[in-house]
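Subject: The structure I promised you

Hi,

Here is the structure we talked about, so you can open it before you read on. My notes on what turned up are underneath.

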Amino acid sequence: MTLTAVVHDAAEVVTVHEDGELGVYEEAAVAIEDGEVARVGSTGPVTREFPPENAAHAVDASGKSVIPGFVDPHTHALFAGDRSDEFEAKLRGKTYQEILAEGGGILRTVRATREAGDEQLLANLLGHLDTMLAHGTTTVEVKSGYGLDTETELRMLSVIDRANDRHPVDVVPTFMGAHAVPEGRDADDYVDEVVDEQIPEVASQGIARFCDVFCEEGVFDVEQSRQVLEAGTAAGMTPKVHAEELAHIGGTKLAAEVGAASADHLLHSTEEDIDALVEADVVPVLLPGTAFGLGAAYADARTFIDAGADVAIATDFNPNCYSQSVGFAASLSCVEMGMTPAEALVAATTNAADALDLPDDHGTLREGAPADLAVLDAPTHVHVPYNFGVNAVDAVLKDGEVVHRG
Ligand code: NIG
Ligand code: FE
């Protein structure tokens with residue numbers, strides 16, 4: 001056993017119990033052996049058993065809060081080009097759908113991504129991963145979906161795989177060939193291409209964990225989405241669904257029917273939809289940054305929680321929702337979606353790990369869990385949502401190694 005790190009004298013160390021409640025230890029320490037949490041408790045006893053001077057990394061966390069690293073379970077962080085002008089257009093009153101109908105939005109990012117070389121795409125993604133890590137994210141899901149053809153979708157997934165090898169943040173790859181209907185194509189015809197051509201190729205490349213679809217009015221309807229997800233499942237990928245983001249068309253129930261790992265967005269889900277998710281054990285992933293950027297009404301997290309759902313939150317980082325910060329999503333979750341800071345923290349760690357089908361102890365900082373943690377430059381975890389618009393993260397450990405210092 002190697003004593004990888006001891007984080008000591010923290011004002012608090014926050015873990016997540018098996019029942020989803022926070023475990024808050026005051027004046028506490030975390031000892032890490034072989035990259036896993038060996039002990040959490042009061043600094044005195046922990047440092048007597050695991051002396052910091054014997055550790056590869058000793059981190060003095062005096063006055064600081066230590067929390068599980070964030071898991072961001074929904075991003076489109078791999079792309080080329082810039083769409084800041086669309087932010088301005090939306091402020092002048094243009095809608096997301098109008099921009100897309102004019103060939104902007106996703107379709108514009110598709111053109112830029114197809115033109116970009118692999119090294120450029122890799123550099124772009126690594127840059128965003130650096131920003132995420134500096135904001136406390138230790139695991140992130142990244143979707144393809146700006147290729148919309150077999151060659152570029154495969155290129156995207158291979159760049160995601162290389163970024164995962166190269167960067168301390170763990171990157172979970174999702175195939176999303178059904179992210180939009182390519183310009184000049186018919187949706188049914190394109191779904192056939194995704195099912196008959198893209199999915200078999202992606203499966204033979206063997207690196208995508210999930211298969212996602214934009215089940216939305218004017219994009220892919222429920223039956224088209226079902227075809228894509230069933231083909232993905234048959235090829236070994238677990239379904240995820242972008243559901244009821246702009247309109248209510250039945251994507252939430254589809255997620256329940258196909259046994260998706262998560263259903264995401266859910267701005268227009270009904271109580272019946274929510275019950276179906278809970279019944280089928282599908283994690284609702286709420287994305288308040290998207291509602292913020294669109295100027296749309298937020299999902300009401302309370303309705304989900306009261307129905308018994310273990311809600312996760314994510315950034316949805318993409319050119320239309322330009323924030324890599326889970327902390328900012330947590331602020332919005334509290335102020336706009338009715339969550340408590342404790343619920344937002346569980347949503348951004350343990351429940352987010354669940355949305356990615358990671359082992360149960362991921363994102364918990366319990367004894368035996370991977371030692372992925374963030375040290376905040378603040379005395380309590382409440383500062384994550386409370387200090388809105390400011391990065392509360394001072395240092396980050398991944399598998400017990402210090403991978404970021406502010
Ligand atoms: O989750 N809704 C579809 N996909 C993204 C937006 C992608 C884009 O606009 O580039 C989302 O919001
Ligand atoms: Fe998305």
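A term you'll need straight away: a polar contact here is a pair of N or O atoms within 3.5 Å. With that in hand, look at D316, where a polar side-chain atom lies 2.8 Å from an oxygen atom of ligand 1. Do keep in mind that this is a predicted model.

Ligand 1 has other polar partners as well. One of its nitrogen atoms is 2.7 Å from an N or O atom in the side chain of E245. An oxygen atom of ligand 1 also sits 3.2 Å from an N or O atom in the side chain of H76. If you display the surroundings, you should find 16 residues around ligand 1, and the ones that come nearest are R83, Y96, Y146, H179 and E245.

Now for the metal. Which residues hold the iron ion (ligand 2) as protein donors? They are H74, H76 and H242, each through NE2, plus D316 through OD, and they lie 2.0 to 2.7 Å from the ion. So H76 and D316 turn up twice in this email: as iron donors, and in polar contacts with ligand 1.

Along the sequence, the donor spacing reads H-x1-H-x165-H-x73-D. Distant parts of the chain are linked this way: H74 is in the loop between β6 (70–72) and α2 (84–91), while H242 belongs to strand β10 (residues 238–243), 168 residues away. Are these two histidines buried or exposed? H74 is buried, because its relative accessible area is 0%, and H242 counts as buried too, at 3%.

Zooming out, the chain is divided into domain 1 (3–68 + 364–405) and domain 2 (70–355). Their C-alpha centres lie 30 Å apart, and 21 residues of domain 1 are in contact with 19 residues of domain 2.

Last, the inside of the protein. The largest nonpolar core has 95 residues, and L129, F175 and F304 have the most contacts inside it. Helix α5 (residues 118–134) gives this core its largest share, 7 residues. Both domains take part, with at least three residues drawn from each. Try clicking on F304: leaving out residues up to four places away in sequence, F304 touches L266, S269, I274, L277, P284, L286, A299, A309 and V311. There is also a second, separate core of 18 residues, with A5, V7, V30 and L373 among them.

Have fun exploring!

Methods. Residues numbered from 1 in each chain as written. Chains lettered and ligands numbered in written order. Predicted model: local features only at pLDDT ≥ 70, side-chain atom pairs only at ≥ 80, totals over all residues. Heavy atoms only, no water. Core = buried A, V, L, I, M, F, W, Y, C linked by side-chain atoms within 4.5 Å. Buried < 20%, exposed > 50% of the residue type's maximum accessible area, 1.4 Å probe, protein only. Helix = DSSP H or I, 4+ residues; strand = E, 2+ residues; numbered from the N terminus. Domains from an automatic or database assignment. Contact = heavy atoms within 4.5 Å. Donors = N, O, S within 2.8 Å, 3.2 Å for Na, K, Ca; no water. Near = heavy atom within 4 Å. Polar contact = N/O pair within 3.5 Å; in protein donor to acceptor, adjacent residues only side chain to side chain.
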